[in-house]
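Visitor: I'm new to this, and I'd like to learn how to read a protein model. Could you walk me through it, feature by feature?

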Amino acid sequence: MANYSTNEFKPGLKVMLDGDPCAILENEYVKPGKGQAFNRVKVRNLKTGRVNERTFKSGDTLEGADVMDREMEYLYADGEFWHFMATDGSFEQVGADQKAVGDTINWLKEQVVYTITLYNGEPIAVTPPNFVELEVVETDPGVRGDTSGGGNKPAKLVTGAVVKVPLFINVGDILKVDTRTADYVGRA
């Protein structure tokens, strides 16, 4: 892979750091009045999810990570792995384990396209789309007139996720949910 100098660091760049693939979250160039300039970089380890802050002298280089983001459609789960299929026409399938899927399990719906991060051909992260449409399977019935302003109630979705919804939502409604914040956006 290519090497990246500190002046090429930008958020989203994926580099190798201590033998693990990492994504740069923030990059701050610091030029003190005395001494050499340096970059203060916040990185997320793509394998563990840990966020660290490191400093690099101006001119240091890091090796680019052999990481690839691919759009893949969720197919099914077999108890141990969650299977995804490439949507680029190759129909290649990969199985992601519990560690790679992580919290995205709350937003997995069949035939929806997700971003899969592959490292050496193995999935290390599954990123859901910003919004998904899911059905409500369990919620308290909303009683008319029991609020003096907008009230909320919990609703359990078909995937097992629980979100706060307005009182007029009923079982069977299909909701649009923001996967980044787990907030109700509207009815689908």
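Guide: Happy to! Let's start with a term: two strands pair if DSSP finds at least two bridges between them. Also, keep in mind that this is a predicted model.

Visitor: Okay, which residue of strand 10 does Glu-73 stand opposite?

Guide: Glu-73 faces Val-113 in strand 10. That's one spot where you can look at strand 7 (residues 67–77) and strand 10 (residues 113–119), which pair in the antiparallel sense over seven bridges.

Visitor: And what holds paired strands together in general?

Guide: Strands of a sheet pair through backbone hydrogen bonds, either parallel or antiparallel. Here, an open sheet of five strands runs in the order 9-8-7-10-11, with antiparallel pairing. Strand 9 (93–96) and strand 11 are its edge strands, and each pairs on one side only. Neighbouring strands of this sheet are turned by 45 degrees against each other on average, direction ignored.

Visitor: What order do the strands take in the open sheet that includes strand 12?

Guide: That sheet has five strands in the order 14-13-12-15-16, and again the pairing is antiparallel. At its edges sit strand 14 (162–166) and strand 16 (183–187), each pairing on one side only. From one strand to the next, the twist averages 55 degrees. For a closer look, find strand 12 (residues 131–139) and strand 15 (residues 174–178): five bridges join them. Within that pairing, Val-132 stands opposite Val-177 in strand 15.

Visitor: What about hairpins? How many residues lie between strand 2 and strand 3?

Guide: Two residues lie between them in the hairpin, and Asp-18 in the turn has a positive phi of about 55 degrees. The two strands run antiparallel and are joined by four bridges. One partnership to spot is Leu-17 with Asp-20 in strand 3.

Visitor: Let's move to side chains. How many aromatic pairs does the structure hold?

Guide: It holds three aromatic pairs. Take Phe-9 and Phe-56: their ring centres are 5.8 Å apart and their planes are at 85 degrees, so this pair is edge-to-face. Phe-9 lies in the loop between strand 1 (3–5) and strand 2 (14–17), while Phe-56 is in strand 5 (residues 51–57), so the pair ties together parts that are 47 residues apart in sequence.

Visitor: Now for the empty spaces. How do people find them?

Guide: Rolling a probe the size of a water molecule over the atoms shows where empty space is left. In this model, the largest pocket has a volume of about 390 Å³. It is lined by 21 residues, and Arg-44, Asn-45, Leu-46, Gly-49 and Ala-125 lie nearest its centre. Strand 3 (20–30), strand 4 (38–45), helix 1 (98–101) and strand 11 (122–127) each supply at least two residues of that lining. By type, the lining divides into nine nonpolar, seven polar and five charged residues.

Visitor: Which residues are closest to the centre of the second largest pocket?

Guide: That pocket has a volume of about 240 Å³. Of its 15 lining residues, Asp-103, Thr-104, Trp-107, Pro-128 and Thr-179 are the closest to its centre. Strand 11 gives the most to this lining, with three residues. The lining residues here divide into eight nonpolar, five polar and two charged.

Visitor: Last one: what does the UniProt record mark on residues 69–124?

Guide: The unreviewed UniProt entry annotates them as "domain: Translation elongation factor P/YeiP central". In the model, the end C-alpha atoms of residues 69–124 lie 10 Å apart, and the span is 7% helix and 50% strand.

Technical notes
Residues are numbered from 1 along each chain as its sequence is written. This is a predicted model: local features need pLDDT of at least 70, side-chain atom pairs count only at pLDDT 80 or more; totals for chains, interfaces and linings use all residues. Side-chain values use heavy atoms; hydrogens and water are left out. Axes are lines fitted to C-alpha atoms, for helices over the stretch in contact, and angles run from 0 to 180 degrees between N-to-C directions. UniProt positions are given in the numbering used here, feature names are shortened, and annotations may be inferred rather than shown by experiment. On a 1 Å grid over the protein atoms alone, a cavity is a set of points where a 1.4 Å probe fits but cannot get out, and a pocket is an open set with protein on both sides within 12 Å along at least five of seven lines; lining residues have an atom within 4 Å of a point. Grid points are joined across faces, edges and corners, and a volume is the space filled by probe spheres set on the points. Ala, Val, Leu, Ile, Met, Phe, Trp, Tyr, Cys and Pro count as nonpolar, Asp, Glu, Lys and Arg as charged, and the others, Gly among them, as polar. Rings of Phe, Tyr and Trp (its six-membered ring) pair if their centres lie within 6.5 Å; planes under 30 degrees apart count as stacked, over 60 as edge-to-face and the rest as tilted.
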